[in-house]
Amino acid sequence: PTPDAWTRVDHYLTETLVDQDAALGAALAEQGRAGLPAIEVAPVNAKLLHLLARIAGARRILEIGTLGGYSTIWLARAVPNGGTVVTIEAEPLNASIARANLDRAGVGDRVDVRVGRAAEVLPTLAGDDPFDLVFIDADKESNTVYLDWAARLGRPGTVVVVDNIGRSGQVADPHDTTSQVVGTRQGLEMLREDPRFDATALQTLDRKGWDGIALAVVV
Ligand code: DHB
Ligand code: MG
């Protein structure tokens, strides 16, 4: 199969199963207008996150890596009234675009956008109620740091999702020692070795190409 083939299938599946309203379209348009990269999760994966949150009955969600807030809108729409999404974004411009996108989507009241390096923001979240779902989608070099915080800020049963674990096959190429790939591999090894997690991973093929997600539960 060629990129054209799986992109066509991705669009077909999206059109068939994923309702994208005007607010989601506007979020992507505004993100593009502001010059942010179009590296948000594909719609089918955004809906997977949304469904995982609903299946888990998540009321408190943590997202590491907001970008323009596209996945954040999907997560915020999965929590019941009174629920919360805390999303961490290192780049102030991204955070301000996300803030406007979330408000336009009508979920601004349930989303707390924290601007700063996640490694610095995460310790400030300790002591609040545990998160029910954590989505890790930021700098891949820090995946082990973020997984450690996911375990600390979660509870037994917390769902953890890590984006971009396939990286066009680079993850399984021992000659690839770029920092993002090494960080991704270290995250996967931590999911295997750290007794706080039980995990698996899936390859994905969509409009963004060949990649994957890891899915874990906090033990
Ligand atoms: C990149 C980051 C992502 O989170 C993603 O989903 C795709 C690409 C990147 O940094 O290139
Ligand atoms: Mg990603």
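1. A nonpolar core, as the term is used here, is a set of buried Ala, Val, Leu, Ile, Met, Phe, Trp, Tyr and Cys residues joined through C-beta atoms within 7 Å. In this structure, which is a predicted model, the largest nonpolar core has 59 residues, and those with the most contacts inside it are Ile61, Ile73, Leu75, Ile136, Tyr146, Ala150 and Val160. Helix 7, covering residues 143-153, gives the most to this core, with seven residues. As general background, nonpolar side chains in soluble globular proteins tend to be buried together.

2. Helix 7 deserves a second look, since eight of its eleven residues are buried and the helix is mostly covered. The buried residues are Asn143, Val145, Tyr146, Leu147, Trp149, Ala150, Ala151 and Leu153, and two of the names in this list, Tyr146 and Ala150, also appear among the residues with the most contacts inside the core. When you look at such a helix, it helps to remember that an α-helix has 3.6 residues a turn, so residues three or four places apart point the same way.

3. Isoleucine 73, another of the residues with the most contacts inside the core, can be followed through its own contacts. Leaving out residues up to four places away in sequence, Ile73 touches Ala23, Leu24, Ala27, Asn101, Leu102, Ala105 and Val107.

4. Strand 4, residues 133-136, is a good place to begin with the strands, because its side chains can be sorted by direction: Leu133 and Phe135 point one way, Val134 and Ile136 point the other way, and all of them are buried. Strand 4 runs parallel to strand 1, residues 60-64, and four bridges join the two. On its other pairing, strand 4 is matched with strand 5, residues 159-163, again in the parallel sense and over four bridges. Isoleucine 136 shows both pairings, as it stands opposite isoleucine 64 of strand 1 and opposite valine 162 in strand 5. Strand 4, helix 7 and strand 5 together make a right-handed β-α-β unit.

5. Which strand is largely enclosed by the rest of the structure, and why? The strand is strand 2, residues 84-89, and the reason is that five of its six residues are buried. Strand 2 pairs with strand 1 in the parallel sense over five bridges, and within that pairing the bridge partner of leucine 62 is valine 86 in strand 2. The chain passes from strand 1 through helix 4, residues 70-76, to strand 2 in a β-α-β crossover that is right-handed.

6. Strand 2 also pairs with strand 3, in the parallel sense and over five bridges, and here isoleucine 88 has arginine 114 of strand 3 as its bridge partner. The path from strand 2 to strand 3 leads through helix 5, residues 92-104, and this β-α-β crossover is right-handed.

7. Valine 115 belongs to strand 3, residues 111-115. With 17 C-beta neighbours inside 10 Å, valine 115 counts as partly exposed, because a residue needs 20 or more to be called buried. Apart from neighbours within four places in sequence, its contacts are Glu89, Pro92 and Ala95. The last of these, alanine 95, is 20 residues away along the chain, yet the C-alpha atoms of valine 115 and alanine 95 are separated by 6.5 Å.

8. Two residues in the loop between strand 5 and helix 8, residues 179-193, should be checked by eye: arginine 167 and serine 168. Neither is a glycine, yet arginine 167 has a positive phi of about 50° and serine 168 has a positive phi of about 55°. Is each of them buried or partly exposed? Arginine 167 counts as buried because it has 20 C-beta neighbours inside 10 Å, whereas serine 168, with 14 such neighbours, counts as partly exposed.

9. Glycine 57 lies in the loop between helix 3, residues 43-55, and strand 1, and it is partly exposed, with 13 other C-beta atoms within 10 Å. Glycine 57 and arginine 114 are 57 residues apart in sequence, and their C-alpha atoms are 23 Å apart in space.

10. Finally, the surroundings of ligand 1 consist of Ile39, Asp137, Asp163 and Asn164. Sorted by class, this shell has one nonpolar, one polar and two charged residues. Among these residues, Asp163 falls at the end of strand 5, which covers residues 159-163.

Methods. Residues are numbered from 1 along each chain as its sequence is written. Chains are lettered from A and ligands numbered from 1 in the order in which they are written. This is a predicted model: local features need pLDDT of at least 70, side-chain atom pairs count only at pLDDT 80 or more; totals for chains, interfaces and linings use all residues. A residue is near a molecule or strand if its C-beta atom, placed from the backbone, lies within 6 Å of it. Ala, Val, Leu, Ile, Met, Phe, Trp, Tyr, Cys and Pro count as nonpolar, Asp, Glu, Lys and Arg as charged, and the others, Gly among them, as polar. A residue is buried if 20 or more other C-beta atoms lie within 10 Å of its own, exposed if 12 or fewer, and partly exposed in between; C-beta atoms are placed from the backbone. Two residues are in contact if their C-beta atoms, placed from the backbone, lie within 7 Å. Two strands pair if DSSP finds at least two bridges between them. A crossover is right-handed if, with the strands pointing away from the viewer, the path from the first strand over the helix to the second runs clockwise.
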